[in-house]
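Let's take a walk through this protein together. Have the sequence and the 3D view open side by side, and pause whenever a residue comes up so you can find it.

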Amino acid sequence: MAHRAAPDVGVRVTEPTDDMSPFEAASYFFHNAADRVQLRDEVREVLATCYRELAVQIPVRMDDGRMAVFRGYRIQHNGARGPYKGGIRFHESADLDEVRALAALMTWKNALIDVPFGGAKGGVQCEPGLMSESEMERLTRRFTSMISYVIGVNRDIPAPDMGTNAQTMAWMMDEYGRKNGYTPGIVTGKPVELGGSPGREEATGRGVVICAVHAAKKSGKDFSQMSVAIQGFGNVGFWTAHIAAEMGAKVVAISDVGGGTHNPDGIDLGAVRKHLQDGGLSVASFPGGEEISNQALLELECDMLIPAAIQGVINGANADRIRADIIVEAANGPTTPVADNILHQKGKMVVPDILCNSGGVTVSYFEWVQNIQQFRWELSRVNDELTKKMVFATDAVMELAADKNLSLRDAAFNIAVERVAFAAHLRGYI
Ligand code: NAD
C-alpha cells in the first residue's frame with residue numbers, strides 16, 4: 001500500500017487513514033497509549049521523536065564496474081532502558097520514515113519483553129534480490145564503516161531484519177573489528193561459529209508460535225487443531241511454519257514475494273524446502289498446492305492468519321474480508337491503524353507485533369550476554385529462557401487487556417510506554 005512521504009517529525013495524526021506513513025502509524029499507537037497512561041507533555045514530546053538519526057550515502061562498485069549510490073540509515077529512537085538495539089533492513093522500501101517507525105517499535109518491543117535495551121533500527125534502500133553476493137558484501141562493509149561512529153557493544157547493537165541474515169552480521173562484525181579489534185558483541189544474529197547463539201535463527205518464529213499457542217488457549221481453542229495461513233517465507237515465516245507444524249497445527253497456506261500456495265489439507269513443508277532447493281524461485285510454483293496471490297492468502301478461510309513479511313498488508317481495503325479469528329503479527333506493522341479498528345470492532349483477536357515477534361530480540365539479548373561473558377549457552381537453556389520471557393510478557397498483556405477492557409495492542413503499548421517513561425524519569429532526562 002502506497003503511503004505519503006515522510007512527515008515532519010513528531011506530527012500527531014488523530015484520524016487514521018490508510019495512506020499514513022509507517023512512522024505516523026507507529027506514532028498513532030504510541031499517542032493513544034500516552035493518552036491512556038496520562039503521560040506528561042514533555043515526556044510525550046521526547047518519546048514521540050527519535051533521539052538520533054544518521055543518514056549516509058553509500059557508494060558501491062557493482063560487478064559490472066558501475067558505481068551505484070545507496071542511501072542508508074541508523075536511527076536510535078530511545079535509549080532510556082539500555083543500549084540501542086534493532087535490526088538492519090535491506091529493502092527497496094527502507095526509507096527514513098520506515099526506519100524511524102521500526103526504531104520506535106523496537107523501543108516498545110524491548111520494554112515490553114523486558115530486555116535491557118533501547119530501540120533502534122537501520123536500513124539501506126536497495127533490492128537484495130537483484131544484487132550478487134559480492135555486491136552485498138561491499139554494500140554491507142561500506143554501510144558498517146559509515147555507521148561505526150554510532151554503534152558499539154554498550155551503545156547500539158544491530159541484528160538481522162528483512163533482506164539481511166547471519167552472513168550479513170558476520171561481514172558487519174568483521175568490518176567493525178578492522179578498526180576496533182575483535183568484537184563479537186557488536187552485532188547479534190551472527191553465525192554460531194562466530195559467537196552467534198544457538199537458537200537465534202529460529203527464535204522469532206519460535207516466539208511467534210509461543211504467543212500463538214497462548215492466544216489460541218485464550219479463545220478456548222487448541223493450537224494443535226488449528227489451520228494457519230502464513231504470509232512471508234523468509235527467516236520468520238519459514239521458522240514459524242515449521243514450528244507451528246511441529247506443534248500439530250495445519251499450515252494451509254504460505255507465500256513469498258512471488259506469490260503463495262494453498263492446500264486445505266496442509267502443506268508438506270519438507271517438500272516445499274526441496275522444491276526451493278531444486279531451483280524453484282518461489283513457493284507459488286510448489287506443485288503440492290494451488291497457486292494463490294498474497295492478497296488472497298490474507299483472506300483465506302482459516303483459524304489463524306500470520307503476516308510475516310512487510311508492513312501495511314492488512315488495511316482499510318481488506319480488513320473486512322479477513323476471515324481468520326486470530327491474527328498474529330509476526331511482521332512489524334502489518335496492520336494499519338484503520339484496519340486495527342475494523343478488526344477490533346469485528347471481535348477479532350490481534351496479537352500485536354511488539355509482543356509476538358519479540359522472540360528474535362530476546363535471543364539476541366541472550367547472544368549479547370554470551371558474547372560479553374564469553375560463555376556459550378546450550379540450546380535447551382536458550383529455548384527455556386525464551387519461553388519463560390514470552391509467556392511472562394504474553395500473560396501480562398492478556399491480564400491488563402482483560403482488566404481494563406483493552407485490545408491486546410493497547411495493553412501492550414500501555415505497559416511498554418509506562419516502562420520507558422519511568423526509566424527516562426529515573427535517569428533524569430525528563
Ligand atoms: P526475510 O527477508 O528473511 O523474509 C521476508 C519474506 O517476505 C520473504 O519470503 C519475501 O519473499 C517476503 N516478501 C518480501 N516482500 C513481500 C511482499 N511485498 N509481499 C509478500 N511477501 C513479501 O525477512 P524476515 O527476517 O523473515 O522478516 C519478516 C518480517 O518479520 C519483517 O517485517 C521483519 O521486520 C519482522 N521481524 C523479523 C525479525 C527477525 O529476527 N528476522 C524479528 C522481528 C520481526
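Start at the ligand, keeping in mind that this is a predicted model. One of the ligand's oxygen atoms sits 2.9 Å from a polar backbone atom of N235. V236 also takes part through its backbone: a polar atom there is 2.8 Å from an oxygen atom of the ligand. With R89 it's the side chain that does the job, placing a polar atom 2.8 Å from a ligand oxygen. On its own the ligand has 830 Å² of accessible area, and the protein covers 84% of that.

Now look at the whole shell. It holds 21 residues, and R89, D161, T204, A309 and N332 are the closest ones. Sorted by class, you get nine nonpolar, eight polar and four charged residues. Two helices worth finding here are α6 (200-218) and α7 (235-246), since each of them supplies at least two residues of this shell.

Next, move over to helix α12, which spans residues 359-373, and pick out E367. Is E367 buried or exposed? Its relative accessibility is 0%, so E367 counts as buried, the cut-off being under 20%. What does E367 touch, leaving aside residues up to four places away in sequence? The list is V187, T188, G189, K190, G195, G196, S197 and R200. Zoom in on G189 from that list: its backbone nitrogen lies 2.8 Å from a polar atom of the E367 side chain.

Finally, head for the strands. β1 (residues 52-61) pairs with β2 in the antiparallel sense, over 10 bridges. To see one of those pairings for yourself, find E53, whose bridge partner in β2 is I75. The two strands form a hairpin, with five residues between β1 and β2. In that turn, check G65, which has a positive phi of about 95°.

β2 has another partner too: strand β4 (residues 118-125) runs antiparallel to β2, and seven bridges join them. Here you can look for R71, which has Q125 as its bridge partner in β4. So how many of the 12 residues of β2 (residues 67-78) are buried? Nine of them are, so β2 is largely enclosed by the rest of the structure. While you're looking along a strand, here's a handy rule: in a regular strand, side chains alternate between the two faces of the sheet.

Terms used:
Residues numbered from 1 in each chain as written. Predicted model: local features only at pLDDT ≥ 70, side-chain atom pairs only at ≥ 80, totals over all residues. Heavy atoms only, no water. Buried < 20%, exposed > 50% of the residue type's maximum accessible area, 1.4 Å probe, protein only. Helix = DSSP H or I, 4+ residues; strand = E, 2+ residues; numbered from the N terminus. Pairing = 2+ DSSP bridges. Polar contact = N/O pair within 3.5 Å; in protein donor to acceptor, adjacent residues only side chain to side chain. Contact = heavy atoms within 4.5 Å. Near = heavy atom within 4 Å. Areas by Shrake-Rupley, 256 points an atom, 1.4 Å probe, with all protein chains shown as cover. Nonpolar A, V, L, I, M, F, W, Y, C, P; charged D, E, K, R; others polar.
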